[in-house]
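Subject: Structure handover and notes

Dear colleague,

I am handing over the structure below, together with my notes on it. Could you read the notes alongside the model?

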Amino acid sequence: QVRLVESGGGLVQAGGSLRLSCAASGSSFSIRAMGWYRQAPGKLREMVATITPGRNTNYADSVKGRFTISRDNAKNTVYLQMNSLKPEDTAVYYCNEVVLGTSRPLYDSWGQGTQVTVSS
C-alpha cells in the first residue's frame, strides 16, 4: 500500500483560496488514479475530485468550477487547488488512490488528512 501524506490546509475567509498537496511514497505513482475526499463534522466522507493516470478529471458537483485537481508525477504528488471557498467546504481533506474507472477509494485506511476551515 502506498503511503500518503496530506498538507496545505488552514483557516481562510470565504472567497479565499488554498492549495492542498498529497505526497505519495513508493513506486509507480504515474500509473495510479488518485483522488481527494473530505469529511465534515457529522457527515460521511465524500469524493471531491479524482484524476486518472491520463489526467482525466472528475469533480463533485459542489466543487465544479472552483476546485482543480492536478498531479506532478516527477514529485509523486497530487494537488487540489481550491478557489472561491465557502463555509460549507470546511472539512478534513484526505487523499487516496482511486479504483480505476470509479470514484471509490482503493484503500480502507486513511492518513491524518489536512483540516480546511472556511470562515464566513
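The notes below take up the pocket, one loop residue and the strand pairing.

This is a predicted model, in which local features need pLDDT of at least 70 and side-chain atom pairs count only at pLDDT 80 or more, whereas totals for chains, interfaces and linings use all residues. Residues are numbered from 1 along each chain as its sequence is written, and side-chain values use heavy atoms, with hydrogens and water left out.

The largest pocket (on a 1 Å grid over the protein atoms alone, an open set of points where a 1.4 Å probe fits, with protein on both sides within 12 Å along at least five of seven lines) has a volume of about 150 Å³, a volume being the space filled by probe spheres set on the points, which are joined across faces, edges and corners. Its lining, meaning residues with an atom within 4 Å of a point, consists of Arg38, Gln39, Ala40, Pro41, Lys43, Leu44, Glu46, Pro87, Glu88 and Thr90. These divide into 4 nonpolar, 2 polar and 4 charged residues, where Ala, Val, Leu, Ile, Met, Phe, Trp, Tyr, Cys and Pro count as nonpolar, Asp, Glu, Lys and Arg as charged, and the others, Gly among them, as polar.

One of the lining residues, Leu44, lies in the loop between β4 (34–39) and β5 (46–51), strands here being DSSP runs of E with at least two residues, numbered from the N terminus. Leu44 counts as exposed because its relative accessibility is 76%, the cut-offs being under 20% for buried, over 50% for exposed and partly exposed in between, with a 1.4 Å probe and protein chains only. Leaving aside residues up to four places away in sequence, Leu44 touches Arg38 and Gln39, contact meaning heavy atoms within 4.5 Å.

Turning to the strands, two of them pair if DSSP finds at least two bridges between them. An open antiparallel sheet is formed by 4 strands in the order β1-β3-β8-β7, and its edge strands, β1 (4–7) and β7 (67–72), each pair on one side only. Within it, β1 and β3 (residues 18–24) are joined antiparallel over 4 bridges, with Leu4 opposite Ala24 in β3.

Elsewhere, β10 (residues 114–119) pairs in the parallel sense with β2 (residues 10–13) over 4 bridges, Leu11 standing opposite Thr117, while 3 bridges join β10 to the antiparallel β9 (residues 91–97), where Val92 has Gln115 as its bridge partner. Along β10 the side chains alternate, so that Thr114, Val116 and Val118 point to one face and are buried, whereas Gln115, Thr117 and Ser119 point to the other and are not.

Best regards
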